[in-house]
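Got a minute to go through a model at the bench? Let's ask what stands behind each label we put on it.

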Amino acid sequence: MKKYFYLIISLTLLFVFSSYGKQKDETPEYVRPDIFEGYNESTLIFNADGSITEIAMQDYNESDVDYTGLKSYVESEIRDANSKLGSECIAMTDYFDDSGVIKAAIHYTDINSYNYFNSVNYDMSGFDPDKCDIRVQLDETVDASLTDATYTDAEVETDLVEATFTDASDNSLKRSSEISKSYMMLILDDKVDVKFEDGKVLYYNSYVEKGKSDNTVKSKGDGKAVIVFEFNYAY
């Protein structure tokens, strides 16, 4: 009887340890999150800490460009830019060649480093009507030969016209003077999708299209796009 008792104990322990080993082997491997998931177009993501994540996508299948060495080229350009800027403020965080469709994620610590690397002059600051209002010409110049001329032919009288914005909440129109200066403002002129991570779009001008969610818009690329937004800061 004792003999069978020890045999049962031994078989039970063997089963327990073999099951433990099998469970350990069946633990799924860690899969790194796909940063490109959900993005079908190039997108600029503005983060609450002032940094920018650029999701760049380009299809080279119908192009004569040799894209095979593109990653090395971009990495070299980033190293050169960081060297000139004096800090590691630009980094390529992901890169994927999807059968000729190149996807890259580049992180910038601020808009200045983005402007430098991409040779653009985007403006992100507090809302300022002076940056978006327009001066328009009222009259032709006065002939300077007239004795009572008050303007030379090189001077033009202008008037300041307030910019108009679409309210993202109800599609109504708002003048620049009706918008609080406590909000943030982004000005750019390229065609690109824009997303404010943990933020919300409040107003936008006629060169912008509303996105599918309340924190996304599309800059049309045919004029100076102005987007008024706010971040959901956690205090």
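What follows is a round of questions and answers about this predicted model.

Q: How many helices and strands does the chain have?
A: There are 4 helices and 15 strands.

Q: What share of the chain's residues is buried?
A: Of the 235 residues, 33% are buried. As for the outside, the chain exposes about 15800 Å², and 50% of that comes from carbon and sulfur atoms.

Q: What share of the contacts between residues at least 6 apart in sequence joins residues at least 24 apart?
A: That share is 58%.

Q: Which residues touch the most other members of the largest nonpolar core?
A: That core has 34 residues, and the ones with the most fellow members in touch are Phe46, Leu186, Leu188, Val194, Phe196 and Ile227. Another core of 11 residues lies apart from it, with Ala163, Phe165, Leu202 and Val228 among its members. As background, nonpolar side chains in soluble globular proteins tend to be buried together.

Q: What does Phe46 contact, leaving aside its neighbours within four places in sequence?
A: Its partners are Ser51, Ile52, Met124, Leu186, Val194, Lys195, Phe196, Glu197 and Phe231. Phe46 also belongs to an aromatic cluster, together with Phe196, Phe229 and Phe231.

Q: How many disulfides does a search of the whole structure find?
A: The count is 0. To be called a disulfide, two cysteine sulfur atoms would have to lie within 2.5 Å.

Q: Why does Cys89 count as buried?
A: Buried means under 20% relative accessible area. Cys89 has 8%, so it gets the label. Cys132 has 6%, so it is buried too.

Q: Why is the pair of Tyr108 and Phe117 called tilted?
A: A search of the whole structure turns up 9 aromatic pairs. For Tyr108 and Phe117, the ring centres are 6.2 Å apart and the planes meet at 55°. Pairing needs centres within 6.5 Å, while stacked needs planes under 30 degrees apart and edge-to-face needs over 60. The 55° angle fits neither of those two, so the pair is tilted.

Q: Are these two rings buried or exposed, or something in between?
A: Tyr108 has a relative accessible area of 0%, so it is buried. Phe117 comes in at 22%, so it is partly exposed.

Q: What makes the pair of Tyr183 and Tyr203 tilted?
A: Their centres lie 6.5 Å apart and their planes are at 50°, so this pair is tilted. Tyr183 sits in the loop between strand 9 (173–175) and strand 10 (184–188), and Tyr203 is in strand 12 (residues 199–204), so the pair ties together parts that are 20 residues apart in sequence. Tyr183 is partly exposed because its relative accessibility is 23%, whereas Tyr203 is buried because its value is 12%.

Q: How do you know that strand 11 and strand 14 pair?
A: DSSP has to find at least two bridges between the strands. Strand 11 (residues 192–196) and strand 14 (residues 216–219) have 4, so they pass, and they pair in the antiparallel sense. One of the matches is Val194, with Val217 as its bridge partner in strand 14.

Q: What joins strand 13 to strand 14?
A: Strand 13 (residues 208–210) runs antiparallel to strand 14, with 3 bridges between them. Val208 stands opposite Ser219 of strand 14. A hairpin through 5 residues makes the link from strand 13 to strand 14.

Q: Why is Asn118 called partly exposed?
A: Buried stops under 20% and exposed starts over 50%. Asn118 has 28%, so it falls in between. Asn118 lies in helix 3 (residues 111–118). Not counting residues up to four places away in sequence, Asn118 touches Glu54 and Tyr108.

Q: What is the phi of Ser99, and where does this residue lie?
A: Phi is near 55°, a positive value in a residue other than glycine. Ser99 is in the loop between strand 3 (90–98) and strand 4 (101–108). Its relative accessible area is 59%, so Ser99 is exposed.

Q: Why does Asn171 count as exposed?
A: The label needs over 50%. Asn171 has 53%, so it qualifies. Asn171 is in the loop between strand 8 (164–167) and strand 9, and it has a positive phi of about 65° although it is not a glycine.

Technical notes. Residues numbered from 1 in each chain as written. Predicted model: local features only at pLDDT ≥ 70, side-chain atom pairs only at ≥ 80, totals over all residues. Heavy atoms only, no water. Core = buried A, V, L, I, M, F, W, Y, C linked by side-chain atoms within 4.5 Å. Buried < 20%, exposed > 50% of the residue type's maximum accessible area, 1.4 Å probe, protein only. Contact = heavy atoms within 4.5 Å. Helix = DSSP H or I, 4+ residues; strand = E, 2+ residues; numbered from the N terminus. Areas by Shrake-Rupley, 256 points an atom, 1.4 Å probe, with all protein chains shown as cover. Phe/Tyr/Trp six-rings, centres within 6.5 Å; stacked < 30°, edge-to-face > 60°.
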